[in-house]
Amino acid sequence: RQHSSPLASKSSTPPKKSIMISLEYEALLQSALEDQSQHFEGEISRLRADFAASRLQDTQISDRESREIDALRKDCDRLNSEVEKLSSTLLDLQTDEAKHRATSQKLLRDQTISKDLLEKIRMDTTKELESSDEMFEDLQLQISDLSANIRMMQQIAVDDELNQAQIFGTTGGVKETKQRGKKSRRSNRKR
């Protein structure tokens, strides 16, 4: 039973060595946790102090910096106002440009129509002039023929021998001869 009792006593109470290791581990762990706690509490305090200092610096802007900020704000306001004015002016100018462009296109169309009409008038006038030149030449030939005919009749009326004479003509081809004569007279005149 004694044999069994030491075993039983060992299992019921933990060994001294393990208790000591356990206590030592707890002490080391407690010490490490306290060190970490102190370290982080110091960090938190330092960060709070830095934050408070930076807020204090932010609120304490120098007079020169304050004047610069005011000047920059005024410049921004002035530039925004100028941008609005220039945008309005640009819109007005674009509207005017659109009106001028429309007027220009209308004038260009009118000019094209007028140019076509003028060309038609020129062509019609040229044809009229050519036609009137031909008519003028024909009238001059007729006047010349009539003048020659009148002179001939006056000569015949004055001269008894010619007055009693009979003139024989040939039939056919008479018109062609006249036209050829007229054409030849015209071509002689042009020369």
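Student: What does the accessible surface of the protein chain come to?
Tutor: About 18400 Å², and carbon and sulfur atoms account for 57% of that. Areas here come from the Shrake-Rupley method with a 1.4 Å probe, and for residues only the protein chains shown count as cover. Keep in mind that this is a predicted model, where local features need pLDDT of at least 70 and side-chain atom pairs count only at pLDDT 80 or more, while totals for chains, interfaces and linings use all residues. Residues are numbered from 1 along each chain as its sequence is written, and side-chain values use heavy atoms, with hydrogens and water left out.

Student: OK, how many residues of the protein chain count as buried?
Tutor: Just 1% of the 191 residues. Buried means under 20% relative accessible area, exposed means over 50%, and partly exposed is in between (1.4 Å probe, protein chains only).

Student: And the fold, how many helices and strands?
Tutor: The protein chain has 5 helices and 0 strands. Reading from the N terminus, the order is α-α-α-α-α. Both kinds of element are DSSP runs numbered from the N terminus: helices are H or I with at least four residues, strands are E with at least two.

Student: Where is confidence highest, and where is it lowest?
Tutor: Helix 3 (residues 63-158) is highest at a mean of 91, and helix 5 (residues 174-190) is lowest at 48. Those are pLDDT values, the predictor's confidence in each residue, from 0 to 100. For the protein chain the mean is 81, with 75% of residues at 70 or more.

Student: What about residues 1-9?
Tutor: Their pLDDT is below 50, and that stretch makes 0 contacts in the model beyond near neighbours in sequence. A contact means heavy atoms within 4.5 Å. Residues 176-191 are also below 50, but there the model has 10 contacts beyond near neighbours in sequence.

Student: Switching topic: how many salt bridges does the structure hold?
Tutor: It holds 9. The criterion is a side-chain nitrogen of Lys or Arg within 4 Å of a carboxyl oxygen of Asp or Glu.

Student: Which residue meets R78 in one?
Tutor: That's E82, at 3.0 Å from N to O. The two sit 4 residues apart in helix 3, about one turn of the helix. E82 is partly exposed at 37% relative accessible area, and R78 is too, at 42%.

Student: What does K120 do in helix 3?
Tutor: K120 bridges to D124 at 3.2 Å, N to O. Again the partners are 4 residues apart in helix 3, about one turn. D124 counts as partly exposed at 35% relative accessibility, as does K120 at 49%.

Student: Which residues are joined into one network?
Tutor: E43, R46 and D50, through salt bridges that share partners. Within that group, the side chains of E43 and R46 meet at 3.0 Å, N to O. E43 and R46 are 3 residues apart in helix 2, about one turn of the helix. E43 is partly exposed, with a relative accessible area of 29%, and R46 is partly exposed at 41%.

Student: Last one: which residues form a nonpolar patch on the surface?
Tutor: Y25, L29 and L33, with about 320 Å² of accessible area together. Patch residues have over 30% relative accessible area and no salt bridge; nonpolar side chains (Val, Leu, Ile, Met, Phe, Trp, Tyr) are joined within 5 Å, like charges within 9 Å.

Student: Where is L33 found?
Tutor: In helix 2, which covers residues 16-59. L33 is partly exposed, at 46% relative accessible area.
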